[in-house]
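Biologist: Hey, got a minute? I'd like to walk through this structure with you.
Modeller: Sure, pull it up and ask away.

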Amino acid sequence: MISLKKVNKYFNRHRKNEIHIINNTSLEFDNTGIVALLGESGSGKTTLLNTIGGLDKVNSGKIYINGERMTKRSTYATDKIRNLNIGYIFQDYKLLDNLTVYDNVAISLKMIGLKDKLEIQKRVNYVLECVNMYRYRNRPAKMLSGGERQRVAIARAIVKTPNIVIADEPTRKSR
């Protein structure tokens, strides 16, 4: 399902302060199961997740999601593969504060091209029930606590029933 082949990622490439954050890494992740990346703060966990999810570009190597190459493609093509295959839970939630809880979750379905309002409503309400946030569906995201924001971010990631969920410190307490 996820395959990395000789992936390299640098920050500040060809400068005195160059950091080789992902070093010739090859990995294969099966179609099922849970994988946890462990390491010290600053060790590259988020960078690795962002490259797998197509949010960060790599300097060399190849990444495949369900057999489709993510690397060396247009931003549009990468976004399309990610939107159809991956639910992403960011460590800082990435909610749109002026939108309601409902709209923050529904946007994920709209991004994959779902237009049927009744289907969107059914799916959004279902996941909001699952994360115990249904009663807040009409509340603006800016009015939520950290834990509530986290549950909305989880609902947004799973509402499109992705094959892959990338969770970057999803249980981290906000500061």
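**Surface, sheet and a loop**

Modeller: Let's start with the outside: the protein exposes about 10,600 Å², and carbon and sulfur atoms supply 50% of that area. Keep in mind that this is a predicted model.

Biologist: Okay, and what percentage of the 175 residues is buried?
Modeller: Buried residues make up 39% of them.

Biologist: What radius of gyration does the protein have, and what would a compact globule have?
Modeller: The protein has 17 Å, and a compact globule with 175 residues would be near 16 Å, so the two agree. Along its principal axes, the C-alpha trace spans about 50 × 35 × 30 Å.

Biologist: New topic. How many helices and strands are there?
Modeller: There are 5 helices and 6 strands. Starting from the N terminus, they come as β-β-α-β-β-α-β-α-α-α-β.

Biologist: What's the strand order in the open sheet?
Modeller: The sheet has 4 strands in the order S2-S1-S3-S4, with antiparallel pairing. Strand S2 (19-29) and strand S4 (68-69) stand at the edges, and each has a single partner strand, so one side of each is left without a neighbour in the sheet.

Biologist: And what holds strands together in general?
Modeller: Strands of a sheet pair through backbone hydrogen bonds, in either a parallel or an antiparallel way.

Biologist: Back to the edge. How many bridges are there between S3 and S4?
Modeller: Strand S3 (residues 60-65) pairs with S4 over 2 bridges, in the antiparallel sense. In S4, Glu-68 is the bridge partner of Ile-65.

Biologist: What about contacts along the chain, say with a separation of 6 or more?
Modeller: Of those contacts, 60% are between residues 24 or more positions apart.

Biologist: Switching again: where is Tyr-93?
Modeller: Tyr-93 is in the loop between strand S5 (86-89) and helix H3 (101-111). Its phi is near 70°, which is a positive value in a residue other than glycine.

Biologist: Which sign does phi have in most residues other than glycine?
Modeller: Most of them have a negative phi.

Biologist: Is Tyr-93 buried or exposed?
Modeller: Tyr-93 has a relative accessible area of 9%, so it counts as buried, the cut-off being under 20%.

Biologist: And Lys-94? Where is that one?
Modeller: Lys-94 is in the loop between S5 and H3. Lys-94 has a positive phi of about 55° although it is not a glycine. With a relative accessible area of 46%, Lys-94 is partly exposed.

Biologist: Last one: how far apart are the mean positions of the positive and negative charges?
Modeller: They are 4 Å apart, for 31 positive and 16 negative charges.

Terms used. Residues numbered from 1 in each chain as written. Predicted model: local features only at pLDDT ≥ 70, side-chain atom pairs only at ≥ 80, totals over all residues. Heavy atoms only, no water. Pairing = 2+ DSSP bridges. Rg over C-alpha atoms; globule rule 2.2 N^0.38 Å. Buried < 20%, exposed > 50% of the residue type's maximum accessible area, 1.4 Å probe, protein only. Contact = heavy atoms within 4.5 Å. Areas by Shrake-Rupley, 256 points an atom, 1.4 Å probe, with all protein chains shown as cover. Lys, Arg positive; Asp, Glu negative; His and termini not counted. Charge placed at Lys NZ, Arg CZ, Asp CG, Glu CD.
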